[in-house]
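Student: I would like a close look at one part of this structure, followed by an account of the parts around it.

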Amino acid sequence: MDLADKLLVATLGAFDDPFFGWTHYSDHRKDKDKVALAAVGVQNFDPNEISLKVEDGKVMVDGVHRSQGQFGYETSELHQAYPLPEDVDPSSVSSRFSPDGVLYIEAYKKPKEKKAEAGPVAQMDDKKFSVNLDVSKFSPEEVKVKVMNNELMITASHESEKEGSYASRKINRHFVLPKDVDMDSVVSNLDKDGHLHIEATRKQLPEPTEREVQIMRAEK
């Protein structure tokens, strides 16, 4: 390792990989989305003699330098492979040369996938009232659904004790259903992913009618 690499190690921190024979650098002081993959000493090469490509989850660095020596041509070659971390976007890999002959290889992290927001727990349309609830952290025996008058109650309770540690979690949901919901039609099912689905049909109320009300007159 030459002086430039030693200074870089002191600044960034590094570890040597005995398999690939290269030094990996990680600089967490820069842009949080940028990753410093490696720094390679290429003092014996011109920039146009170095090629860099991404292949099979690795950054491949190759270089060939040919010079005229006293007894003919002398050739220097560089072949190194740098594995890409899983959270790095391969299409963002870039490199730059420093004036002191160090090739810096950098890339950006993949954008984090946003978790889909859970939909409303309770929904109602013209035909039915429905409730969807994630109870995947409970066993089916720990989940209870009850109805009373026009109220729907969902409870789930789990308690466990292992090696001196105690864990407890509970769910308690209470819904007051509209008067036009048929409480006798309430059904529930638990899918394989641990989501509880409850539905009840809405009654078809008679259309409002209009009638004239006779006015009674008091006798004189």
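What is the relative accessible area of Ser168, and how is the residue classed on that basis?

Tutor: The model is a predicted one, and everything below should be read with that in mind. The relative accessible area of Ser168 is 42%. Because this value falls between the 20% limit for buried and the 50% limit for exposed, Ser168 is classed as partly exposed.

As to its setting, Ser168 belongs to strand E13, which covers residues 165–176. Once neighbours within four places in sequence are set aside, the residues in contact with Ser168 are His158 and Glu159. Ser157 can be located relative to Ser168 as well: 11 residues separate the two in sequence, and their C-alpha atoms are 7.6 Å apart. Arg169 lies over the face of Phe138, with a distance of 5.7 Å to the ring centre.

Another charge placed over a ring is that of Arg96, whose charged end sits 4.4 Å from the centre of the Tyr104 ring. Pairs of rings are another matter. Such a pair is described by the distance of the centres and the angle of the planes. With centres required to lie within 6.5 Å, the count of aromatic pairs is zero.

For comparison with Ser168, take His65, which is part of strand E5 (residues 58–69). Its relative accessibility is 18%, so His65 counts as buried, the limit being 20%. The side chains of His65 and Glu49 make a polar contact at 2.9 Å. Glu49 is also on the list of residues that His65 touches beyond four places in sequence; the others on it are Asn44, Phe45, Glu74, Thr75 and Ser76.

Ala122 falls in the class of Ser168: a relative accessible area of 31% makes Ala122 partly exposed. Ala122 lies in strand E9. Leaving out residues up to four places away in sequence, Ala122 touches Phe129, Ser130, Val131 and Phe175. Ile198 is 76 residues from Ala122 along the chain, and the distance between their C-alpha atoms is 9.3 Å.

Strand E9 leads to a sheet. Four strands in the order E9-E10-E15-E14 form an open sheet with antiparallel pairing. E9 (122–124) and E14 are its edge strands; each has a single partner, so one side of each has no neighbour in the sheet. From one strand to the next, the twist averages 15°.

At one edge, E9 runs antiparallel to E10 (residues 128–134), and three bridges join the two. Within this pairing, Gln123 is opposite Ser130 of E10. At the other edge, E14 (residues 187–190) is joined to E15 (residues 195–201) by four bridges, again with the strands antiparallel. Leu190 faces Leu196 of E15. E14 and E15 form a hairpin with four residues between the strands, and Gly194 there takes a positive phi near 85°.

Finally, some totals for the chain. The protein chain contains one helix and 15 strands. It has 220 residues, of which 29% count as buried. Of the contacts between residues at least 6 apart in sequence, 44% join residues at least 24 apart.

Notes. Residues numbered from 1 in each chain as written. Predicted model: local features only at pLDDT ≥ 70, side-chain atom pairs only at ≥ 80, totals over all residues. Heavy atoms only, no water. Phe/Tyr/Trp six-rings, centres within 6.5 Å; stacked < 30°, edge-to-face > 60°. Lys NZ or Arg CZ within 6 Å of the ring centre and 35° of its normal. Buried < 20%, exposed > 50% of the residue type's maximum accessible area, 1.4 Å probe, protein only. Contact = heavy atoms within 4.5 Å. Pairing = 2+ DSSP bridges. Axes fitted to C-alpha atoms, helices over the stretch in contact; angles between N-to-C directions. Polar contact = N/O pair within 3.5 Å; in protein donor to acceptor, adjacent residues only side chain to side chain.
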